[in-house]
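Me: I have a protein model open and some of the labels puzzle me. Can we go through what makes each one fit?

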Amino acid sequence: DIETFLALLPAGPSTADLTMLLAHWARTRHGGAPRSALTAPDVHAQLLAWRRDGAAASTCNHRRRALAALYQTLDGPGTPNPARLAPKLPAPRREPRGLPWPIIRRILVALPDRGRPADGTRAAVSQTKARLWVLATTGWPHAVLARLELRDLRLDAAEPHALIRPRRKGQGARARTVPLTPAAVRALRAWVAAGAQGPFSRSSMHSTFQRAVARA
């Protein structure tokens, strides 16, 4: 069943990840059994066994997710899926990664104010710097900023706010209104002035930030 499932998937990192996760199931006492023989209690008992052997709860839940994908692909949605019926193991939330604001500000100040030359001329302002200031002052992820449009901003309102739209592929999700702090309003005004709207390269932004870390 595992080989049949994996043969249906395209080559890539996601398939490699599923291959690794399902290999753990193949090595259990259920590895040689057909998928129809596995029950939700069997799945849950195996997750608990891995946890007792030292695997992290999140790792066990990833293995459960991979097995659930196998059942859904081979049997179709709406059919009994013992992996989904088995409860996840409680996993502690990760502490958010972050740096103190004074350090973030020092790094952003170290960024060049002018953009890198793309066609022999240097831009008057750095769009990357403008974007990073918005991310730092709003806490938004990259994808939210990439989707943001000028019509979504109400910077001159009595209570400044922005309309955050869901991803296009999201079904049933609604746009939501989020308030903006004075620092975020200043950053967004600079973002508008820099003409930094639209998609951008996360890897390029990361490289620019890393160079600023060294400067700071």
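Me: Are Trp25 and Trp50 buried or exposed?

Reply: Both Trp25 and Trp50 are buried. Keep in mind that this is a predicted model.

Me: Why is the pair of Trp25 and Trp50 called edge-to-face?

Reply: Look at the two values. The ring centres of Trp25 and Trp50 are 4.7 Å apart, and a pair needs centres within 6.5 Å. The planes of the two rings stand at 75°, while edge-to-face asks for over 60 degrees. So Trp25 and Trp50 are an edge-to-face pair.

Me: What makes that pair a tie between parts of the chain?

Reply: Trp25 belongs to helix 2, residues 13-26, and Trp50 to helix 3, residues 40-52. The parts they tie together are therefore 25 residues apart in sequence.

Me: How many aromatic pairs are there in the count?

Reply: The count comes to two aromatic pairs. Besides Trp25 with Trp50, there is Trp101 with Trp133.

Me: How do you know what kind of pair Trp101 and Trp133 make?

Reply: Same recipe again. Their ring centres are 6.2 Å apart, and the limit for a pair is within 6.5 Å. Their planes are at 70°, and the edge-to-face class begins over 60 degrees. So Trp101 and Trp133 are edge-to-face. Trp101 is in helix 6 (residues 101-109) and Trp133 in helix 7 (residues 127-138), so this pair links parts 32 residues apart in sequence.

Me: Why is Trp101 called partly exposed?

Reply: Trp101 has 41% relative accessibility. Buried means under 20% and exposed means over 50%, with partly exposed in between, so Trp101 counts as partly exposed.

Me: And what makes Trp133 partly exposed?

Reply: The relative accessible area of Trp133 is 21%. Buried would need under 20%, so Trp133 goes down as partly exposed.

Me: Which class does Arg105 fall into, and why?

Reply: Arg105 lies in helix 6. With 45% relative accessibility, Arg105 counts as partly exposed, because exposed would need over 50%. The C-alpha atoms of Arg105 and Trp133 are 8.7 Å apart, with their places 28 residues apart along the chain.

Me: Lys129 has a charged side chain by the usual count. Why is Lys129 called buried?

Reply: Lys129 sits in helix 7. Its relative accessibility is 11%, and buried means under 20%, so Lys129 counts as buried. Setting aside neighbours within four places in sequence, Lys129 is in contact with Leu108, Val109, Leu111, Pro112 and Asp113.

Me: What makes Thr15 buried?

Reply: Thr15 is a residue of helix 2. At 13% relative accessibility, against a cut-off of under 20%, Thr15 counts as buried. If you skip residues up to four places away in sequence, Thr15 touches Leu6, Leu9 and Pro10.

Me: How do you know that Cys60 is buried?

Reply: Cys60, in helix 4 (residues 57-75), has 0% relative accessibility. Under 20% means buried, so that is the label for Cys60. Apart from neighbours within four places in sequence, Cys60 contacts Leu47, Trp50, Arg51, Ala55 and Leu89. Its C-alpha lies 9.9 Å from that of His24, and the two residues are 36 apart in sequence.

Me: Why does Ala212 count as buried?

Reply: Ala212 is in helix 10, residues 202-215. Its relative accessible area is 0%, and the limit for buried is under 20%, so Ala212 is buried. Not counting residues up to four places away in sequence, Ala212 touches Ile107, Ala110 and Leu111.

Me: Zooming out, how many helices and strands does the protein have?

Reply: It has ten helices and three strands. From the N terminus they run α-α-α-α-α-α-α-α-β-β-β-α-α.

Me: What makes the protein more spread out than a compact globule?

Reply: Its radius of gyration is 24 Å, and the globule rule gives 17 Å for 216 residues. The value is well over the rule, so the protein is more spread out than a compact globule. The C-alpha atoms fill a box of roughly 65 × 40 × 35 Å along the principal axes.

Me: What share of the residues counts as buried?

Reply: Of the 216 residues, 34% count as buried.

Methods: Residues are numbered from 1 along each chain as its sequence is written. This is a predicted model: local features need pLDDT of at least 70, side-chain atom pairs count only at pLDDT 80 or more; totals for chains, interfaces and linings use all residues. Side-chain values use heavy atoms; hydrogens and water are left out. Helices (H or I, at least four residues) and strands (E, at least two) are DSSP runs, numbered from the N terminus. The radius of gyration is taken over C-alpha atoms; the globule rule is 2.2 Å times the number of residues to the power 0.38. Buried means under 20% relative accessible area, exposed over 50%, partly exposed in between (1.4 Å probe, protein chains only). Rings of Phe, Tyr and Trp (its six-membered ring) pair if their centres lie within 6.5 Å; planes under 30 degrees apart count as stacked, over 60 as edge-to-face and the rest as tilted. Contact means heavy atoms within 4.5 Å.
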